Amino acid sequence: MNALFDGLIISLGSVNDIYSVITKFGDYYIFYSGLSKPNLKKGDFIVKGQKVADLLMNDIGKYQLGIYIKREDQYFDPYKWFRNKSCL
């Protein structure tokens with residue numbers, strides 16, 4: 001998974017070896033989940049297109065990437081958000 005935007009890594013976490021990364025891009029927070037262990041640390045700055053981590057395959061052989069975008073208390077549908085920004 002590559003970074004969707006430039007950003008500061010503000011959090012890294014894992015549950016059962018499934019990792020998540022939260023970045024801050026301007027007023028937005030972007031949460032990536034379903035990742036292998038990233039070679040990054042909290043406080044690193046990443047640029048758009050930089051590798052965050054590999055995606056993990058689930059028990060039935062499918063990848064399950066989670067992307068959440070938040071600004072203040074508002075969540076955005078990533079598909080609609082990127083489509084409106086001509087990113088897809």
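## The nonpolar core

In this predicted model, the largest nonpolar core has 17 residues, and those with the most contacts inside it are Tyr 32, Leu 35 and Val 52. Strand S2 (18–25), strand S3 and strand S5 each supply at least two residues of this core, and S3 gives the most, with four residues.

Leu 35, one of the residues with the most contacts inside the core, can be followed outward through its neighbours. When residues up to four places away in sequence are not counted, Leu 35 touches Met 1, Asp 17, Ile 18, Tyr 19 and Val 21, among others. The list for Leu 35 also includes Val 52, Ala 53, Asp 54, Leu 55, Leu 56 and Leu 65.

## Strands and hairpins

How do strand S1 (residues 7–15) and S2 pair, and over how many bridges? The two strands pair in the antiparallel sense, over seven bridges, and within this pairing Leu 8 stands opposite Lys 24 in S2. S1 and S2 form a hairpin with two residues between them, and Asn 16, which lies in the turn, has a positive phi of about 50°.

S2 also pairs with S3 in the antiparallel sense, over seven bridges, and here Phe 25 stands opposite Tyr 28 in S3. S2 and S3 form a hairpin with two residues between them, and in its turn Gly 26 has a positive phi of about 60°.

## Two aromatic pairs

The count of aromatic pairs in the model comes to three. One of them is formed by Tyr 28 and Phe 76, whose rings are tilted, at 5.8 Å centre to centre and with 55° between the planes. This pair links distant parts of the chain, since Tyr 28 belongs to strand S3 (residues 28–35) and Phe 76 to strand S6 (residues 74–76), 48 residues apart. Tyr 28 and Phe 76 are both buried.

Phe 31 and Tyr 68 also form an aromatic pair that is tilted, with 5.3 Å from centre to centre and 55° between the planes. Here, too, distant parts of the chain are linked, with Phe 31 in strand S3 and Tyr 68 in strand S5 (residues 66–71), 37 residues apart. Are these two residues buried, partly exposed or exposed? Phe 31 counts as partly exposed because its relative accessibility is 26%, and Tyr 68 counts as partly exposed because its relative accessibility is 44%; the partly exposed class lies between the limits of 20% and 50%.

## Around Phe 31 and Ser 20

Phe 31, which has its place in strand S3, has contacts with residues from other parts of the chain. Leaving out residues up to four places away in sequence, Phe 31 touches Ser 20, Val 21, Ile 22, Gly 66, Ile 67 and Tyr 68. The C-alpha atoms of Phe 31 and Gly 66 are separated by 7.6 Å, although these residues are 35 residues apart along the chain.

Which residues does Ser 20 touch, not counting those up to four places away in sequence? Ser 20 is found in strand S2, and its contacts are Ser 11, Leu 12, Gly 13, Phe 31, Tyr 32 and Ser 33. Ser 20 has a relative accessibility of 17% and therefore counts as buried, because buried means under 20%.

How values were computed:
Residues are numbered from 1 along each chain as its sequence is written. This is a predicted model: local features need pLDDT of at least 70, side-chain atom pairs count only at pLDDT 80 or more; totals for chains, interfaces and linings use all residues. Side-chain values use heavy atoms; hydrogens and water are left out. Rings of Phe, Tyr and Trp (its six-membered ring) pair if their centres lie within 6.5 Å; planes under 30 degrees apart count as stacked, over 60 as edge-to-face and the rest as tilted. Buried means under 20% relative accessible area, exposed over 50%, partly exposed in between (1.4 Å probe, protein chains only). A nonpolar core is a set of buried Ala, Val, Leu, Ile, Met, Phe, Trp, Tyr and Cys residues joined through side-chain atoms within 4.5 Å. Contact means heavy atoms within 4.5 Å. Two strands pair if DSSP finds at least two bridges between them.
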